[in-house]
Amino acid sequence: MDGFKILGRDPAAILYGLQSLLAVVVAFGVITGSAADYTMTVANGVMALTVALTTRPFVVAAITGAAQTILTGIVAFGIDGLTFTTEQQGVIIAALSALLGLMLRPNQEPKETAVTRA
C-alpha cells in the first residue's frame with residue numbers, strides 16, 4: 001500500500017529533515033534571541049502536527065510530536081538554572097529531531113489518501 005508522499009518520500013522523513021535544517025540555521029546564528037526560541041518551538045509544533053496528520057497510527061506521531069515540542073520549548077526557553085546558548089539550542093534540536101525521527105519511523109507509515117489510492 002502506497003501512502004501519502006512529499007517529493008516521493010515519507011512525509012515524516014522530509015519534515016524531520018527540514019526541522020534539522022532549521023536547527024542548523026539557528027546554530028549558525030542566522031536567527032537569534034527570542035526570535036529563534038519562538039521559531040524553533042512553533043516550527044516543531046507545526047511539523048509535529050503535519051507528521052501526525054500525514055502518517056498512521058496517529059497516536060504514535062502525536063505523542064512523539066508532543067514530546068519533541070515540549071523538549072524544544074524547554075531547550076529554547078530554559079528552566080530554572082538550565083539555559084542554553086543559541087548554538088547549543090540548534091545542536092540539541094537537530095539531534096532531537098534526528099533521534100525522534102529514527103524512533104518514530106519504524107512505528108508509523110505514510111497515511112493512505114484518496115489521491116494515493118488511485
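# Reading helices α2 and α3

User: Where should I look for Ala61?

Analyst: Ala61 has its place in helix α3. Helices here are DSSP runs of H or I with at least four residues, strands are runs of E with at least two, and both are numbered from the N terminus. Before we go on, keep in mind that this is a predicted model, where local features need pLDDT of at least 70, side-chain atom pairs count only at pLDDT 80 or more, and totals for chains, interfaces and linings use all residues. Residues are numbered from 1 along each chain as its sequence is written, and side-chain values use heavy atoms, with hydrogens and water left out.

User: Is Ala61 buried or exposed?

Analyst: You read that from relative accessible area: buried is under 20%, exposed is over 50%, and partly exposed is in between (1.4 Å probe, protein chains only). Ala61 counts as buried because its relative accessibility is 1%. Its C-alpha atom is separated by 9.9 Å from that of Leu100, although the two are 39 residues apart along the chain.

User: How many helices and strands does the protein have?

Analyst: There are five helices and two strands. Starting at the N terminus, you'd read them off as α-α-β-α-α-β-α. Of the 118 residues, 38% are buried.

User: How are α2 and α3 arranged, roughly parallel or roughly antiparallel?

Analyst: Fit a line to the C-alpha atoms of each helix, over the stretch in contact, and take the angle between the N-to-C directions, from 0 to 180 degrees. Under 35 degrees counts as roughly parallel, over 145 as roughly antiparallel, 65 to 115 as roughly perpendicular, and the rest as oblique. Here the axes of α2 and α3 cross at roughly 175° and come within 8 Å. The two helices are therefore roughly antiparallel to each other.

User: Which residues of α2 and α3 meet?

Analyst: Contact just means heavy atoms within 4.5 Å. On the α2 side, the meeting residues include Tyr38, Met40, Asn44, Val51 and Leu53. On the α3 side, Phe58, Ala61, Gln68, Thr72 and Phe77 are among them.

User: What is Asn44 in contact with?

Analyst: Skip the neighbours within four places in sequence, and Asn44 is in contact with Gln19, Gln68, Thr69, Thr72 and Ile93. Asn44 sits in helix α2, and Asn44 is buried because its relative accessible area is 1%. Now flip to Thr72, over in helix α3. Thr72 touches Met40, Thr41, Asn44, Ile93 and Leu96, again without counting residues up to four places away in sequence. Thr72 also counts as buried, because its relative accessibility is 1%.

User: How far apart are the C-alpha atoms of Ala43 and Thr69?

Analyst: They're separated by 8.7 Å, while the residues are 26 apart along the chain. Ala43 lies in helix α2 and is buried, at a relative accessible area of 15%. Try Val51 as well: this residue is in helix α2 and counts as buried at 1% relative accessibility. The C-alpha atoms of Val51 and Ile14 are 9.5 Å apart, with their positions 37 residues apart along the chain. For Ile74 in helix α3, the C-alpha atom is 9.2 Å from that of Thr41, 33 residues away along the chain. Ile74 counts as partly exposed because its relative accessibility is 33%.

User: What share of the contacts comes from residues 24 or more positions apart?

Analyst: Take the contacts with a separation of 6 or more: residues 24 or more positions apart account for 79% of them.

User: Which residues form the nonpolar patch on the surface?

Analyst: A patch is built from residues with over 30% relative accessible area and no salt bridge; like charges are joined within 9 Å, and nonpolar side chains (Val, Leu, Ile, Met, Phe, Trp, Tyr) within 5 Å. A salt bridge puts a side-chain nitrogen of Lys or Arg within 4 Å of a carboxyl oxygen of Asp or Glu. Here the patch is Leu49, Leu53, Phe58, Val59 and Ile63, with about 500 Å² of accessible area together. The elements giving two or more residues to it are α2 (33-54) and α3 (58-77), and α3 supplies the largest share, three residues. Leu53, found in helix α2, is partly exposed at 47% relative accessible area.

User: How much area does the protein expose?

Analyst: About 6600 Å², and carbon and sulfur atoms supply 70% of it. Areas like this come from the Shrake-Rupley method with a 1.4 Å probe; for residues, only the protein chains shown count as cover.
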